[in-house]
Amino acid sequence: MADDLLVLDSVRFGYRDRLILDGVSMRFPPGRVVALIGGSGSGKTTLLRLIGGMLRPSAGSIVFEGRDVGALDRDGLYAMRRRMGMLYQFGALFTDLDVFDNVAFPLREHTALPEPLIRDLVLLKLNAVGLRGAARFRTSQLSGGMARRVALARAIALDPPLIMYDEPFAGLDPISLATVAALIRNLNDALDVASIVVSHDIKDAFKIADYVYLLASGRIAAHGTPDSMRDSTDPNVRQFLDGSIDGPVAFHYQATPLAQDLGIHQ
Amino acid sequence: MISALSAPFRWLLDRLALVGYGTRFFLRLCGLGIAAFRRPRLVIDQIHFVGNYSLSIILVSGLLIGFVLGLQGYYTLRRYGSEEALGLLVTLSLVRELGPVVTALLFAGRAGTSLTAEVGLMKAGEQIDAMEMMAVDPVARVLAPRFMAALICMPLLAGLFSAMGVLGGYIVGVEMIGVDAGAFWSQMQGGVDWIEDVGNGVVKSIVFGFTVAFVALFVGYEAQPTPEGVAHATTTTVVVASLAVLGLDFILTALMFSST
C-alpha cells in the first residue's frame, strides 16, 4: 500500500555459511501494532537490526518513508534513525546517566532546544510512562519493568513515526508486563505511530497486536490478524501457539545419525 | 590439507586487516577527539574520571620509587665517592625514563582497564547499539572524549610522578642518609636540561598517552559483548599497552638520547 511507513520486499540476509532470513516481505502501516513472533533464532531481532540499518540485506529491499535503507550512506542512515525509536530487550539505558538524563539524551544530541524546554519535554515523556516521580533515580535503582518504561520514554523522545520493541516482555513480572503491554498499545494509538513488537510471548503480543507475522527458520511461516492466527490449522502456527514439541520445528537439531556418532555398526 | 596450508596466510591476512582497521580507527579517534572540545564538559568529566582516580596510585608509586632510587643511587654513588650527584641521578632517571614509563604502565593498569571494561560493558549492555540507533556516533560521543582526557592526563600524571620521585629521593638521600641538601639540589639543577631531558620525557609521556588510550578504547570497543569477552579485553589492554609502551620507550630512547 502506498501509505505504508515501512515495506520489506523479499529481504534476504545471512552470514558466511548461515542463512538467517530468506525472502521476507512485510508491510508496516502507521497507527498499527505489528507483532513479529517466532522461536529463538528465527531471525526476529536480525530483522529489527536490518530495519535500523545496523545490518544490510544481501538481497531485497527495506524501504522506510520511501527511502531504501540498504542504499543509505552513514549520514542518510543517521537522518533516518532519528525517525525511529528502538526499545531494547533490557532497556539498554546509559548506566552513567540517571533516568532524566537518559530520556534527555536524544533531545540534547539532536536538538538545540533550551534546557528548560528539554526539562519540560522529558518530564512529559516520563509522565507518559508513569515515571515522572523517578526522574532522578539512578538506573541501578530501577526494576526491570521500570527500566523498560524509561527506555520507552527515551525511544519516543524525538516523536518518531516508527517504534521497534525487541522482546519488551522478556523477564517481567505479570504486573510490569501488563503495564508495558498497555503502554505500547496506548502510545501507538495516541501518537499514531507504526509499532513493531518482536516477542515470543504469544498471549500478550496477540492482546496488543493488529497484525502478526510468524517467522520460522528465516521465512514467514504465517501471517494474519491475531484472531485468524488463533484459528489457523497451519502446522507451523499450531506448533508455535500450542507449544508442541513435535511439529515442523524438530526437537533435534540437524545432525548425523546417533549410531554413527557413537560408532555403532549395524 | 588445503585449509591447513592456507591457515597461516588467512591468519596473516586477518592480522593485516586488523592493523589497517586499527589505523583507520586511530585516525578517526584523533579527528573526533579534536572535535570533542566543542563540548568541553564531556572531556572535563572524563579528565576527572581518568585522571583524578589515577592520582593516588601515581603519587604513592612515585614516592616509593623515589625512595628506592635514593637508596640504590646512594649505595652505587658511594663506591665512587660521588654521593653529591644523587639528586642528578634520581632526577634524570625519573624524567627521562621512569616517570613516563612507570606512569604509563600504572595508567594502563588503572585507567586503561577501567576504560576498556566500561566501553566493553556498554557494548555488552547494548548501550553502544542503542546510541547508534539513536543516530549518535558512539566513537564521537563515548570514545573521543575519553581519548582526549587520557592524552591530557598522561603528561600531567608523569610530571607529578617524577616530582614525587624526586621528593622521595630527597627524603631518603638527604633527610635519612645525610647527603648534603645543597649538593643534591645544585647537581640536579646544573645537570638536568629542560629541553633534552624534561622535554623529551614529556614527549615520551604524550606518545605513551596516545598508545595506552588508543589500545584501551580500541580493545574495549572491539570486545566480544559477553562477560568473558569483556574480561579478556581488559587483560588484553594491560598486556598490549604495557608491551607497546616498553617497546616504544626503547625506540624513543634510542632516537632521543643517542647523542648524549
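Helices (H or I, at least four residues) and strands (E, at least two) are DSSP runs, numbered from the N terminus, and two strands pair if DSSP finds at least two bridges between them. The structure is a predicted model, in which local features need pLDDT of at least 70 and side-chain atom pairs count only at pLDDT 80 or more, while totals for chains, interfaces and linings use all residues. Residues are numbered from 1 along each chain as its sequence is written, and chains are lettered from A and ligands numbered from 1 in the order in which they are written.

**Strands of chain A**

With these terms in hand, β4(A) and β5(A) can be described as a hairpin that has two residues between its strands, and Glu65(A) in the turn has a positive phi of about 50 degrees. The strands β4(A) and β5 (residues 67-68) run antiparallel and are joined by two bridges, and Val63(A) has Asp68(A) in β5(A) as its bridge partner. Strand β4 (residues 59-64) of chain A is also joined, by five bridges and in the antiparallel sense, to strand β1 (residues 6-15) of chain A, where Arg12(A) stands opposite Ala59(A).

Another strand, β3 (residues 33-38) of chain A, is mostly covered, since six of its six residues are buried; a residue counts as buried if 20 or more other C-beta atoms, placed from the backbone, lie within 10 Å of its own, as exposed if 12 or fewer do, and as partly exposed in between. Val33(A), Ala35(A) and Ile37(A) point one way from β3(A), whereas Val34(A), Leu36(A) and Gly38(A) point the other way, and all are buried. Two parallel pairings involve this strand, and the table sets them out.

| Partner of β3(A) | Bridges and sense | Residue opposite Val34(A) |
|---|---|---|
| β8(A), residues 194-199 | five, parallel | Ile196(A) |
| β9(A), residues 211-216 | five, parallel | Tyr211(A) |

**Residues with a positive phi**

Most residues other than glycine have a negative phi, and most peptide bonds are trans. Ser10(A), which is not a glycine, has a positive phi near 50 degrees; Ser10(A) belongs to strand β1 of chain A and is exposed, with 12 other C-beta atoms within 10 Å. Ser217(A) is likewise not a glycine and has a positive phi of about 50 degrees, but its place is in the loop between β9 and β10 (219-224) of chain A, where Ser217(A) is partly exposed, with 17 other C-beta atoms within 10 Å.

**Helices of chain A**

Helix α4 (residues 115-128) of chain A has 14 residues, and because the expected span is 1.5 Å a residue, the helix should span 20 Å, which agrees with the 20 Å between its end C-alpha atoms; the expected span is 1.5 Å times one less than the number of residues. The buried residues of α4(A) are Val122(A), Lys125(A) and Leu126(A). Seen down the helix axis, the buried residues of α4(A) fall within an arc of 95 degrees, so they line one face of the helix, the arc being that of the directions from the helix axis to the C-beta atoms. An α-helix has 3.6 residues a turn, so residues three or four places apart point the same way. The buried residues of α4(A) pack against α3 (99-110) and α5 (144-155) of chain A, while the face turned away from the buried side carries the exposed residues Pro116(A), Leu117(A) and Asp120(A). After α4(A) comes Gly130(A), with a positive phi near 75 degrees.

Thr179(A) is placed in helix α6 (residues 174-191) of chain A and is partly exposed, with 18 other C-beta atoms within 10 Å.

**Chain B and the two chains together**

Chain B has eight helices and zero strands, and 44% of its 260 residues count as buried. Its C-alpha atoms fill a box of roughly 65 × 50 × 30 Å, taken along the principal axes. Chain B meets chain A through 10 of its residues, which are in contact with 13 residues of chain A; two residues are in contact if their C-beta atoms, placed from the backbone, lie within 7 Å.

The largest nonpolar core has 148 residues, and those with the most contacts inside it are Val150(A), Met164(A), Leu214(A), Ala150(B), Val212(B) and Leu217(B). Such a core is a set of buried Ala, Val, Leu, Ile, Met, Phe, Trp, Tyr and Cys residues joined through C-beta atoms within 7 Å.
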